[in-house]
Amino acid sequence: MQRLSRSRSARIASTVAAMLVLVAIILYLGHAKGFGPVQYVQLILDGIRGGSIYALIALGFVVVFNVTGIINFAQGGFVMSGAMLAVSFNQLALPIDPRMKLALAVIFGVVVTTIVGALVERLSIFPARHSPILTLIIITVGVFIFMQGIALLIWGADPYYLPAFTTLALEDHIIRIGGVMIKAQSIWIWATVAVVLVALAFFFERTLLGKALRACSINRRAAELMGINPSRMSLMAFAMAAALGAIGGIVLAPATRPMYDMGLRLGLKGFVAAIMGGMISSPGAVVGGVLLGVLENVGAGVTKAGFKDIFAFIILILILLFRPKGIIGGGERGVEE
């Protein structure tokens, strides 16, 4: 017990030391660029915006992994399809109010992507359900490549845009607090993440279906003996993951230029966020997503913008080497047979 306590204390001390060294490096590099408190606050807020999207995507990874034990690399495809479907619906010439059309476009993107997620599970995962986990993971990679190829055929390689939710135009409303600028779309993103977290907490704690999903995540065999159908829970997990990915892609779309290959980068960063949170923890996924967004944005700000994507995968490598169970704990797998 004493050895375990000393080991845990050593890990905490090493983590704190590493964070202090990281902060010192950031402050040094920022000082060389003449950064002050305003610049750091701006970088952190922009990082939280991107990290909130990573958190939504990471939640999709966690839901599927908890119930099936599969790392669903098709999650990035759900992010892309939600955004692109919403863009396509919003471009339709409908004789209705633009705000209503945008709201319907959001609903359309989420609903259709949820159906796509269910079809992915039924047509690719369910037939191979008795295969090794590695085979199923490779199948999800193939599904993502297929989805990206179909998206390229439908939408081409050109970037599109979805109007900002506040202004219904390409330009978004900007709120200025001191020297810090906050886009109104950022508030939509933060509010969406908060609502999704509350909805998920209510679903898993207060509904029978949510409790069935939790039972499968704890012990799949025991849940089956209690009358819960793991196959249906797997279908539900993929549908939920698709919906979460679609929501993330849609609320991010007005702040960027969505296109057919947007899911690759976002999906991989969502995976990194899930790993940071321990892969089986929903709160951990959110913390991991926000932390990843802040670290990569601040890192790119004090160095070069082109390095932004590199930081995410440096973090992934370091976590796999030194904290394979995540920065706040976690487990080795989501399903106990």
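L22 is partly exposed, with 37% of relative accessible area. In this predicted model, L22 belongs to helix α1, which covers residues 2-32. Pick out its C-alpha atom and then look for the one of G156: the two residues are 134 places apart along the chain, and 41 Å separates these atoms.

## Around helix α5

G156 comes just after α5 and takes a positive phi of about 75 degrees. What span should the 23 residues of α5 have at 1.5 Å a residue? The expected value is 33 Å, and the end C-alpha atoms of α5 are indeed 33 Å apart, so the two agree.

Now follow the buried side of the story. L136, I137, T140, V143, F144, M147, Q148, A151 and W155 are buried in α5. A general point helps when reading such a list: an α-helix has 3.6 residues a turn, so residues three or four places apart point the same way. Which helices do the buried residues of α5 pack against? Their partners are α3, α4 (98-125) and α10.

## The loop after α5

Y161 sits in the loop that links α5 (133-155) to β1 (174-177). With a relative accessibility of 40%, Y161 counts as partly exposed, because the cut-offs for that class are 20% and 50%. Beyond its neighbours within four places in sequence, Y161 is in contact with V87, L170, R257 and P258. The C-alpha atom of Y161 is 29 Å from that of V287, a residue 126 places away along the chain.

L168 is found in the loop between α5 and β1. Its relative accessible area is 25%, which makes L168 partly exposed.

## Two pairs of packed helices

Two packed helices are described by the angle between their axes and the distance between the axes. Try this on helix α3 (residues 75-90) and helix α10 (residues 262-276): they pack at an angle of about 130 degrees, and their axes are 7 Å apart. That angle makes α3 oblique to α10. The crossing in which α3 passes α10 is right-handed. To find the place where they meet, look for G76, V79, M80 and A83 in α3, and for M262, G263, L266 and G267 in α10.

N90 also lies in helix α3. Is N90 buried or exposed? At a relative accessible area of 14%, N90 is buried. Not counting residues up to four places away in sequence, N90 touches K101, L102, A105, L162 and P163.

The second pair is α2 with helix α9 (residues 230-252), which pack at an angle of about 175 degrees with axes 8 Å apart. This makes α2 roughly antiparallel to α9. On the α2 side, the residues that meet α9 include I53, L56, G60, V64 and T68. Their counterparts in α9 include M233, A237, A241, L244 and L252.

T68 deserves a visit of its own. T68 is in helix α2 (residues 37-68) and is buried, with a relative accessible area of 8%. Its side chain makes polar contacts, and the table below sets them beside one at the start of α11.

| Side chain | Backbone partner | Distance |
|---|---|---|
| T68 | oxygen of V64 | 2.7 Å |
| T68 | nitrogen of I70 | 3.1 Å |
| S281 (oxygen) | nitrogen of G284 | within 2.9 Å |

## From α10 to α11

The loop between α10 and α11 holds M279. M279 is buried, with a relative accessible area of 5%. Most residues other than glycine have a negative phi. M279, however, is not a glycine and has a positive phi of about 75 degrees. L168, which is not a glycine, has a positive phi of about 55 degrees.

Then comes helix α11, residues 282-302. How far does α11 reach from its first C-alpha to its last? The 21 residues of α11 reach 30 Å, close to the 30 Å expected at 1.5 Å a residue. Most of α11 is covered, with 15 of its 21 residues buried. At its start, a side-chain oxygen of S281 reaches to within 2.9 Å of the backbone nitrogen of G284, the contact shown in the last row of the table.

Note on methods. Residues are numbered from 1 along each chain as its sequence is written. This is a predicted model: local features need pLDDT of at least 70, side-chain atom pairs count only at pLDDT 80 or more; totals for chains, interfaces and linings use all residues. Side-chain values use heavy atoms; hydrogens and water are left out. Helices (H or I, at least four residues) and strands (E, at least two) are DSSP runs, numbered from the N terminus. Buried means under 20% relative accessible area, exposed over 50%, partly exposed in between (1.4 Å probe, protein chains only). Contact means heavy atoms within 4.5 Å. The expected span of a helix is 1.5 Å times one less than its number of residues. A polar contact is a pair of N or O atoms within 3.5 Å; within protein, one must be able to donate a hydrogen and the other to accept it, and residues adjacent in sequence count only if both atoms are side-chain atoms. Axes are lines fitted to C-alpha atoms, for helices over the stretch in contact, and angles run from 0 to 180 degrees between N-to-C directions. Angles under 35 degrees count as roughly parallel, over 145 as roughly antiparallel, 65 to 115 as roughly perpendicular and the rest as oblique. A crossing is left-handed if the near helix is turned anticlockwise from the far one by less than a right angle, and right-handed if clockwise.
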